[in-house]
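Thanks for making the time this morning. I would like to walk through one structure with you, slowly, and please stop me if anything is unclear.

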Amino acid sequence: MCGPEVSGSDRVSFSATDNTPGPQKMTPNSRAFKQKLSDDTESEFGGTLGAVCIPVFLPLTVLFLVCVSRSPDASVCQWPPPLPFMEELWDPLAPVLLLGWMALHALLYLMPVGKVTEGIVLRDGKRLKYPINGFHSLCISTLLLMLFLRLGAHLESLFELFLPLAASAIALSFLLSFYLYIRSFWAPPHDLAVGGNTGNPLYDFFIGRELNPRIGFFDLKYFCELRPGLIGWAVINLGMLMKEVELQGSPSLAMLLVVSFQLLYVADALWNEEAILTTMDIVHDGFGFMLAFGDLAWVPFTYSLQAAYLVKHPQTLSSLQALAIVALKVVGYTIFRRSNSQKNQFRRDPTHPSVSKLETIATATGKRLLVSGWWGLVRHPNYLGDLFMALAWSLPCGFSHLLPYFYVIYFTILLIHREDRDERQCKAKYGLAWDSYCQRVPYRIFPYIY
Ligand code: NDP
């Protein structure tokens, strides 16, 4: 193991007791630290301009893409763009289904099954408790769905309801964001996200002011991150598969691959739910429009575009093509899962036999950074694996249209941007130790490329 000493003005040392403000003494509570992170984050997503444009542009993008997925030529470049008429956006069943779905998952969140775990230490020294029962929620939702299907429910109707459901989810994410913004003014200062408290209402509304908004034990951000949207995505996919069966008589291999790959992704996220407690979304970002819209509208309605596309644009795949796509998915999943698990295990218990032999470097915070194993390959091996999987979800849809590749293109941009945000935060946290890590592991996501 090697551990470069961190010294000089780059040194960022955290101490639970040291509250003295000053350039050399940055604690998670200190004004200097907050100012530094605030400076770093204020211009994220294009600052005020981004905060005004994104909440207009992204909801329209969702509606546009949903319309393209069902239009005959499925081209994202058609002019005029296929935007829906107002009456197509509204079906009274859509908000009822959406609110029923949210209520079901709120109940499942509160059910006393699974363990309760603690999140990371917060600025006030406390640790919040979180129920780890997301996978149970997935299983119970699946059983309930099977029951409804037996009782004659028509899941294929989700294809017709796709647009009004997307519109309702967008409306809900706006309502939730307004509620979150307003209630944040009653939150104590130490409960506010460092980068979401700039005083610029447009930006703060967008990025999120309160770090962990809760109603009693019910954590609104943690609830929305993985449950209604992610499980909803899997259910929408299933609805698309059933619509294809209704139209074609049987599911295509392409549809089966897309739906099963994405179900594996959802199940994996929920099985490893605890890992989300150390992610940027939970640890750093406040809960505002960005996450509320992302969790409730963007994920379920744009991540299911491949399945929606296949309903009206069936594809045939040879066994060889299918095998190659499965191989890509397996490789991607292996990199994604192993690298994420390695870091999570290391952060939870660095003495665990699976990680104790890995080479690390020390940082002034007391935490160490992995420089061998998956995290010695590139600085974000988990993003690399995720991108391989994203490509494997698109390939079953063939090459005649760009739409099924929307996810992989958007996701590459998202992860490059996310990686850049994470780098800046890690640089602020770890100073020279982070520089040493970057020297040891020069590539960010793609070995020898980027
Ligand atoms: P990561 O899980 O990559 O976490 C980044 C953090 O890991 C850093 O801030 C740092 O935190 C720690 N870290 C970085 N390098 C090292 C190292 N060498 N040794 C030890 N710790 C290190 O971030 P994300 O939350 O962005 O991603 C989690 C997963 O979620 C990824 O697989 C990603 O692909 C996926 N994801 C999927 C999305 C989707 O829409 N499908 C969207 C976003 C993410 P610290 O040191 O404080 O522990």
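Let me begin with the aromatic pairs, of which the structure holds 35, and please keep in mind throughout that this is a predicted model. One of them joins Phe205 and Phe289, whose rings are stacked, with 6.2 Å from centre to centre and 20 degrees between the planes. Phe205 belongs to helix H7, residues 201–207, while Phe289 belongs to helix H12, and so this pair ties together parts that are 84 residues apart in sequence. Are these two rings buried or exposed? With a relative accessibility of 12%, Phe205 counts as buried, and Phe289, at 1%, counts as buried too.

A further pair is made by Phe293 and Trp298, and here the ring centres are 6.3 Å apart with the planes at 50 degrees, so this pair is tilted. Phe293 has a relative accessibility of 2% and therefore counts as buried, the limit being under 20%, and Trp298, at 6%, counts as buried as well.

Staying with rings for a moment, there are also charges to look at. The charged end of Arg70 sits over the ring of Phe159, at 4.5 Å from the ring centre, and in a similar arrangement the charged end of Arg214 sits over the ring of Tyr130, at 4.9 Å from its centre.

Let me turn to the second largest pocket, which has a volume of about 700 Å³. It is lined by 30 residues, and the ones closest to the centre of the pocket are Leu97, Trp101, Leu145, Leu158 and Val235. Two or more lining residues come from each of helix H4 (93–110), helix H5 (134–150), helix H6 (157–183), helix H9 (228–248) and helix H12 (289–302). Which of these gives the largest share of the lining? That is H4, with eight residues. If we sort the lining by class, we find 24 nonpolar residues, six polar ones and no charged ones.

Now for the record. In an unreviewed entry, UniProt places the feature "transmembrane region" at residues 45–68, 130–149, 161–182, 253–271, 286–305, 317–336 and 387–416. I have picked out two of these spans for a look at the model. For residues 130–149, the end C-alpha atoms lie 32 Å apart, and the span is 80% helix and 15% strand. For residues 286–305, the end C-alpha atoms lie 28 Å apart, and the span is 75% helix and 0% strand.

The last residue number of that second span brings us to Leu305, which lies in helix H13, residues 305–312. Leu305 is buried, its relative accessible area being 3%. Its C-alpha atom is separated by 41 Å from that of Thr360, although the two residues are 55 residues apart along the chain.

Two other distances may help you to find your way around. Glu87, in helix H3, is exposed, with a relative accessible area of 61%, and its C-alpha atom is separated by 9.1 Å from that of Pro164, which is 77 residues apart from Glu87 along the chain. Gly373, for its part, lies in the loop between strand S6 (368–370) and helix H15 (381–394), and with a relative accessible area of 39% it is partly exposed. From Gly373 to Lys357 the distance is 9.6 Å, C-alpha to C-alpha, and these two are 16 residues apart in sequence.

Finally, a word about the backbone. Most residues other than glycine have a negative phi, and with that in mind I would ask you to look at two places. Ala74, which is not a glycine, has a positive phi of about 50 degrees. Ala74 is found in the loop between helix H2 (47–70) and helix H3 (86–89), and it is buried, with a relative accessible area of 1%. Tyr448 also has a positive phi, near 65 degrees, and lies in the segment after helix H17 (432–440). Is Tyr448 buried or exposed? Tyr448 is exposed, with a relative accessible area of 70%, whereas Ala74, as I said, is buried.

That is where I will stop, and I am happy to go back to any of these places on the screen.

Methods: Residues are numbered from 1 along each chain as its sequence is written. This is a predicted model: local features need pLDDT of at least 70, side-chain atom pairs count only at pLDDT 80 or more; totals for chains, interfaces and linings use all residues. Side-chain values use heavy atoms; hydrogens and water are left out. On a 1 Å grid over the protein atoms alone, a cavity is a set of points where a 1.4 Å probe fits but cannot get out, and a pocket is an open set with protein on both sides within 12 Å along at least five of seven lines; lining residues have an atom within 4 Å of a point. Grid points are joined across faces, edges and corners, and a volume is the space filled by probe spheres set on the points. Helices (H or I, at least four residues) and strands (E, at least two) are DSSP runs, numbered from the N terminus. Ala, Val, Leu, Ile, Met, Phe, Trp, Tyr, Cys and Pro count as nonpolar, Asp, Glu, Lys and Arg as charged, and the others, Gly among them, as polar. Rings of Phe, Tyr and Trp (its six-membered ring) pair if their centres lie within 6.5 Å; planes under 30 degrees apart count as stacked, over 60 as edge-to-face and the rest as tilted. Buried means under 20% relative accessible area, exposed over 50%, partly exposed in between (1.4 Å probe, protein chains only). A charge sits over a ring if NZ of Lys or CZ of Arg is within 6 Å of the ring centre and within 35 degrees of the ring normal. UniProt positions are given in the numbering used here, feature names are shortened, and annotations may be inferred rather than shown by experiment.
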